[in-house]
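Reader: Hello! I would like to learn how to read a model like this one, feature by feature. Could you walk me through it?

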Amino acid sequence: MTELITIARYSMPYEAHLAKARLEAEGIPVFIADEHLLSINWLYTPAVGGIKVKVPEDWVDAAKDILTTDHQDEIAEIDTEPPLTCPHCGGHNATMVLGDPLMLILTFVLLGAPLFFLRETMKCRDCGATFKRPKSETKEES
Ligand SMILES: [Zn+2]
């Protein structure tokens, strides 16, 4: 048996699940420890002492790289995105809103879908309108 090493610790279960999804997407086996202590209310209850994300010893370095490097990439990507045009007033002050966190978590748990792919709703600061972010603008791979 390979020993499991704790590579990250989270106070909220969904954060641990995010990390797990991210690592699994890279083919790394992931285990979440201490989650069972939270009972059925884990969605609402911050964990006491934290949720540990563990990977087999051989995967520790790769997993840490993904959790740090990938995250920075995502932030950079968001920062460099061009402003979106509001379809209602034509303004360029739209900001991203992530909806109800609980709904995001439930979707994640029930569908098993990585959160990155969930809808991103934009809200216009000028007129208050909300609209879906167009998908085609962000990723056009030829
Ligand atoms: Zn607007």
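Reader: Let me start with the metal. Which residues are the protein donors of the zinc ion?

Author: Happy to help, and please keep in mind throughout that this is a predicted model. To read a metal site, list the donor atoms and then their distances. Here the zinc ion has four cysteine donors, each through its SG atom: Cys-86, Cys-89, Cys-124 and Cys-127. They lie 2.3 Å from the ion.

Reader: What is the geometry of the site of the zinc ion?

Author: For geometry, turn to the angles among the donor atoms. The 4 donor atoms of the zinc ion make angles of 105 to 115 degrees, so the site counts as tetrahedral, the rule being that all angles lie between 85 and 135 degrees.

Reader: What spacing do the donors of the zinc ion follow along the chain?

Author: A spacing pattern is read from left to right, with x standing for any residue. In this chain the donors follow C-x2-C-x34-C-x2-C.

Reader: With cysteines about, I would also check for disulfides. How many does the structure hold?

Author: The general idea comes first: a disulfide is a covalent bond between the sulfur atoms of two cysteines. In this model the number of disulfides is 0.

Reader: Now two of the donors. Is Cys-124 buried or exposed?

Author: The value to look at is the relative accessible area. Cys-124 has 2%, and it is buried because buried means under 20%. Cys-127, by contrast, is partly exposed at 39% relative accessibility.

Reader: Where is Cys-127 found, and which residues is it in contact with, leaving aside its neighbours within four places in sequence?

Author: Cys-127 sits in the loop between β5 and β6. Setting those neighbours aside, its contacts are Cys-86, His-88 and Cys-89. Another residue to look up is Gly-91, which is 36 residues from Cys-127 along the chain, with 8.3 Å between their C-alpha atoms.

Reader: How do β5 and β6 run, and how many bridges join them?

Author: To read a strand pair, take the direction, then the bridges. Strand β5, residues 121-124, and strand β6, residues 130-132, run antiparallel and are joined by 3 bridges. One partner pair is Met-122 with Phe-131 in β6. The two strands form a hairpin with 5 residues between them, and in the turn Gly-128 has a positive phi of about 80 degrees.

Reader: Let us step back to the whole chain. How many helices and strands are there?

Author: An overview lists the elements and then their order. This chain has 3 helices and 6 strands, following the pattern β-α-β-β-α-β-α-β-β along the sequence.

Reader: What share of the residues in the chain is buried, and how much of the accessible surface belongs to carbon and sulfur atoms?

Author: Of the 142 residues in the chain, 31% are buried. The accessible surface comes to about 9500 Å², and carbon and sulfur atoms account for 55% of that surface.

Reader: Among contacts between residues at least 6 apart in sequence, what percentage joins residues at least 24 apart?

Author: This is a way of reading how the chain brings sequence-distant parts together. In this chain the figure is 70%.

Reader: I would like to look at one strand in detail. How many residues of strand β3 are buried?

Author: Strand β3 covers residues 51-56 and is mostly covered, with 5 of its 6 residues buried. Two other strands run antiparallel to it: β1, residues 4-10, is joined to β3 by 6 bridges, and β2, residues 31-33, by 3 bridges. As for pairs, Leu-4 stands opposite Pro-56, while Ile-32 stands opposite Val-53.

Reader: Why does Ile-51 count as buried?

Author: Ile-51 belongs to strand β3. Its relative accessibility is 0%, and therefore it counts as buried, the cut-off being under 20%. In space, its C-alpha lies 6.0 Å from that of Ser-11, although the two are 40 residues apart in sequence. Ser-11 is in the loop between β1 and α1, and it is partly exposed at 41%.

Reader: One last residue: where is Ile-66 found?

Author: Ile-66 is in helix α2, residues 60-80, and it is buried with a relative accessible area of 12%. Its C-alpha is 7.0 Å from that of Leu-23, a residue 43 places away along the chain.

Key
Residues numbered from 1 in each chain as written. Predicted model: local features only at pLDDT ≥ 70, side-chain atom pairs only at ≥ 80, totals over all residues. Heavy atoms only, no water. Pairing = 2+ DSSP bridges. Helix = DSSP H or I, 4+ residues; strand = E, 2+ residues; numbered from the N terminus. Donors = N, O, S within 2.8 Å, 3.2 Å for Na, K, Ca; no water. Tetrahedral: all angles 85-135°; square planar, octahedral: opposite > 155°, others 65-115°. Buried < 20%, exposed > 50% of the residue type's maximum accessible area, 1.4 Å probe, protein only. Contact = heavy atoms within 4.5 Å. Areas by Shrake-Rupley, 256 points an atom, 1.4 Å probe, with all protein chains shown as cover. Disulfide = S-S within 2.5 Å.
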